[in-house]
Amino acid sequence: FKQKTAYEIYQCDWSSDVCSSDLDVLSADPRRRRSQVKVHERVESVLRFLAGPISAKGITVRVEVGSDLRTAPMFPAEVMIMLTNLLTNAVKNAAEGGNIWIDGQDLGNALEVIISNDGAAVDLDEAERWFLPFESTTTVVDDVLGQGLGLGLPIVRALTDDYRGDVRFIEPTHGPGTSIKVVLPKKGKEQ
């Protein structure tokens, strides 16, 4: 009972972050509402939201994202959407008692975030198909997170494309499993 209550509280905290971010997108002049989003803060928010499923599967999450790593001017909700979709996939596909790694770094003219898990592997020769609508990467239906519709990665791709960035599956960075890399230029949409 305690864990469920904490999970519900995490959902409220995460929902508050998204709801206030959505209002920014809907304001009269949304360009002025974009800001350099602290990636670490958004990662922590999404992890609070996913705390229940992470705990239920006994997953260890390792975050190596500097507190000063920031995006180009973006809506905070866009960053939340990308991270939520990527981390939900990582949780669904991580092994029971497995690991998820979140690595972020400043590349100078861009930022890079790599999310890895040691569960189900994605065949890199067929990886582009997972960015097509309704192609789900979920191999086993999660009791809490479900299977999904296969729209998460297409949404992430659309957002990264919108900011002239890139998202793709790469060779696993932490042993067997799956890694996905997002690169976002430091220059925003209007620059």
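Arg164 adopts a positive phi of about 60° in this predicted model. This residue lies just after helix α5, which spans residues 152-162. Several residues of α5 are buried: Gly152, Leu153, Pro154, Val156, Arg157, Leu159 and Thr160. These buried residues pack against helix α4 and against two strands, β6 (166-170) and β7 (178-185).

Helix α4 (residues 76-93) also meets helix α2 (residues 39-49). Two packed helices are described by the angle between their axes and the distance between the axes. Here the axes come within 9 Å and cross at roughly 50°. That angle makes α2 oblique to α4. The crossing of α2 with α4 is right-handed.

On the α2 side, the contact involves Val39, Arg42, Val43, Ser45, Val46, Leu47 and Phe49. Pro76, Val79, Met80, Leu83, Thr84 and Leu87 contribute from α4. By class, the residues of this contact comprise 10 nonpolar, two polar and one charged.

Confidence varies along the chain. The average pLDDT is 81, and 73% of the residues score at least 70. Over residues 1-12 the pLDDT is below 50, and this stretch has 12 contacts in the model beyond near neighbours in sequence. Residues 18-28 also stay under 50. For residues 18-28 the model has 12 contacts beyond four places in sequence. Where pLDDT is low, the predicted coordinates should not be read in detail.

Terms used:
Residues are numbered from 1 along each chain as its sequence is written. This is a predicted model: local features need pLDDT of at least 70, side-chain atom pairs count only at pLDDT 80 or more; totals for chains, interfaces and linings use all residues. Side-chain values use heavy atoms; hydrogens and water are left out. Axes are lines fitted to C-alpha atoms, for helices over the stretch in contact, and angles run from 0 to 180 degrees between N-to-C directions. Helices (H or I, at least four residues) and strands (E, at least two) are DSSP runs, numbered from the N terminus. Angles under 35 degrees count as roughly parallel, over 145 as roughly antiparallel, 65 to 115 as roughly perpendicular and the rest as oblique. A crossing is left-handed if the near helix is turned anticlockwise from the far one by less than a right angle, and right-handed if clockwise. Contact means heavy atoms within 4.5 Å. Ala, Val, Leu, Ile, Met, Phe, Trp, Tyr, Cys and Pro count as nonpolar, Asp, Glu, Lys and Arg as charged, and the others, Gly among them, as polar. pLDDT is the predictor's confidence in each residue, from 0 to 100. Buried means under 20% relative accessible area, exposed over 50%, partly exposed in between (1.4 Å probe, protein chains only).
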